[in-house]
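The following report describes selected features of one structural model. The sequence and coordinates are shown first.

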Amino acid sequence: MLKKAERERHTFPDMMLTLLVLVLMAFFYHGIHALMLAAVCAAFSLAAEMISVKFLGREFRYGDLMCITDGIILSLMMPASMAYRAAAAGSVFAVVCAKNVFGGRKNMIFSPAAAGYIFMLTSWKKDMLSFPETYAHTGFFADTEGLASSASHIYNTTGRMEHTGYEILMGSFSGPMGGVSILLLMIAAAVLILRKDISAGAFAGTIASTVLFAAIAAEHGTKMRTAALAVAMNMVLFAAVYIVSDKRLAPRKAHFAFFYGFFTAAAAYILVLTMAKENAIVIVSVLMAPAALGFRTLEDKIDILSAEEVSAKEAE
Amino acid sequence: MFIVNEIIVLLASNLILMQALGTSTLFIAAGSRKQLLTTAGIITIFTTTGSAAAFVCDKITGGEKVISLLMYTVSVGVLYMLLLSALYFFSRELFVKIRRYIHISAFNCAVMGTLFTISGKAAQDSALMHFGSYVGAGLQAGAGFVIAALILSAAYGRLCSAEVPASFRGFPAMLIYLGIISMAVYALS
Amino acid sequence: MKERKTSVFDGLLADNTVLSSLMVISPVIVCGDTLRNAAALIAAFSVITFFSVMISSFVPRKIPYAARIVSYAVISSLIYIPVRIAAGEFWPEAVERIGIYFPLLAVNSLIVFQTEARFFRMKRTNMVLSLVFYILGFDAVMLVTAFVRELLAYGTINSMMTDTPMLISGLGKPFGGFIFLGMLCGIYRKIRSAAGHRKEEEQEE
């Protein structure tokens, strides 16, 4: 019990560390506006959390600080040119409507960042899917000219990838602020899995499914290249680390988490392949929420039955 | 592979998620999983048989909007009485158990909305103006209601738990939950 | 816990048709995104529900329950016919936009079920008053929802442009209706609960 509490205490600083590195990378590529977006999302998430916790008659505790990570995750899924107002609205929606109305961190149903992303996608679709070029430093107030589709969209619709492997690894292609830094995301995944801050089973399932389906469905180029691009594009790696593998939502048992991640990624990949749906994995993760809840209910029943068996044996 | 796309299409045309039809009935029936699935099943019976009746009504009236409602209401009323009578004579025990589900399933927005939706689509596309198409659409609508019922039942325990703030516990949380699922389906479709 | 005294005014605030009883929510969610839609729906709902319940109150109680339910639905479908024709004259565009939700008003649960469960157990004067306030309860929620959603989703009030700094187009969609109504329900319950506690404290004093 104490170990679990200790583990939970270091989740927040670990997540913040990995997210701040991604934010810094976004600042390097896109300038001050990227940094300000992350700050606005974090600030509004924290404010919304504090106000809603008070409205619900609870005390604000250390665990509630995870709202800041949710806000930053949401900001990293946006284009660097996104308007601050929209980002603020998305953050407030994520914290209030997708989390706190259901009881907050003790009764999570959806990933707040994923729900906030979908809210912004449906309300400001054009802005959310238009990205500045890498190294195009948008000022404090973003310059909305010169925006284009993401590399993922071009890859989904044409099968062409103009960027080299090095550029993809370093995140030097247009796309969501944090979803493109593939090398950093791989390092973040390794750190968070080793520190047990995210669900290794769900992560493994997501990557395994994407690689498997991409290898089977490979049309352009080698199977390995197709599989690598499938993981690098459409925020798959980013979602695998910060959304699908979120321990607050993923099933607790490794094998259940694996299947949860596997089917989420499979459905997302099929949608990318058949409908060229950009960043489908984030949307599918919200649709898979009932399945995740179903797994958790099953786990609770298994735990209850196991406990009854143990106490029956002890009684004997 | 295309099953995923079919599921998305089914969700995108879902009565509850995209048209908010039958939401009140779904919440009333959400008390238990058995209740929810029984209601969903009976609504499927009504949407399927009602669609068949709607086809006959549309053939008679020529799809005239103003009297369609009266024709559909009379048809559903006849089906309602027939179902109750059939159940009563088949098994009294089953009749006592199931009759309240039939009462809440017959005249509600899910059933009537399905009939109007199908009729509207047939009016726009004459290729859909045949019996098989009507019944198929009715069955699809019922299946969509069952899917929405399953989606809600998966989270029902959580939405009514003590962790949810008292003012949002139950119906408000269910509305927001369905809204977020609907938002995700909209983003995909 | 003390039992709350029921009143003929309940339908408007204490036991609001939409926010408390969760009846007739489909039109609010899907069509409650502009004031013009709301006006057409309010007028139709009010007339259909009032006259349907009043005429249905003369249906003999001796006939079986199922037959009574069918007769209520048939009566409201008949009343729908002149209302539809009149609405087509006053709000032709709104009626087209509202689509299938217009006829669905005639088979709303207030007419089909609440008549038996609530209205027909009251004396006629109380029934009429209670019915009026239940109708006003729906009207009020419809207006508030339509006003806020139109302002935030489209930046207009009754189709007149305003200077809204930010538009949230998602609020104009059905999912926006779900979420907005859910939030409104929660806030309503919170206010009702707080008002209830205050009354109890005042009574104890």
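## Two positive phi angles in chain A

The model is predicted. A:Ala276 is partly exposed, because 15 other C-beta atoms lie within 10 Å of its own, and a residue counts as buried only from 20 or more and as exposed at 12 or fewer. A:Ala276 sits in the loop that links helix 13 (254–275) to helix 14 (280–287) of chain A. Although A:Ala276 is not a glycine, its phi is positive, at about 55°.

A second non-glycine residue of chain A, A:Met235, also has a positive phi, in this case about 60°. A:Met235 lies in the loop between helix 11 (223–232) and helix 12 (236–244) of chain A. With 27 other C-beta atoms within 10 Å, A:Met235 is buried, since the cut-off for that class is 20 or more.

## Fold and dimensions of chain B

Chain B contains nine helices and zero strands. Read along the sequence, its pattern is therefore written with helices alone, as α-α-α-α-α-α-α-α-α.

For the 189 residues of chain B, a compact globule would be expected to have a radius of gyration near 16 Å; the value for chain B is 17 Å, which agrees. The C-alpha trace of chain B spans about 55 × 45 × 35 Å along its principal axes.

Burial and contact order complete the description of this chain. Of the 189 residues in chain B, 53% count as buried. When contacts in chain B between residues at least 6 apart in sequence are considered, 74% of them join residues at least 24 apart.

## The side of chain C that touches chain B

Between chains C and B, 38 residues of chain C are in contact with 35 residues of chain B. On the chain C side, the elements that each supply at least two residues are helix 1 (25–31), helix 3 (65–90), helix 5 (101–104), helix 6 (109–112) and helix 9 (174–204). Helix 9 of chain C gives the largest share of this side, with 13 residues.

By residue class, the side of chain C that touches chain B comprises 27 nonpolar, seven polar and four charged residues.

Note on methods: Residues numbered from 1 in each chain as written. Chains lettered and ligands numbered in written order. Predicted model: local features only at pLDDT ≥ 70, side-chain atom pairs only at ≥ 80, totals over all residues. Helix = DSSP H or I, 4+ residues; strand = E, 2+ residues; numbered from the N terminus. Rg over C-alpha atoms; globule rule 2.2 N^0.38 Å. Contact = placed C-beta atoms within 7 Å. Nonpolar A, V, L, I, M, F, W, Y, C, P; charged D, E, K, R; others polar.
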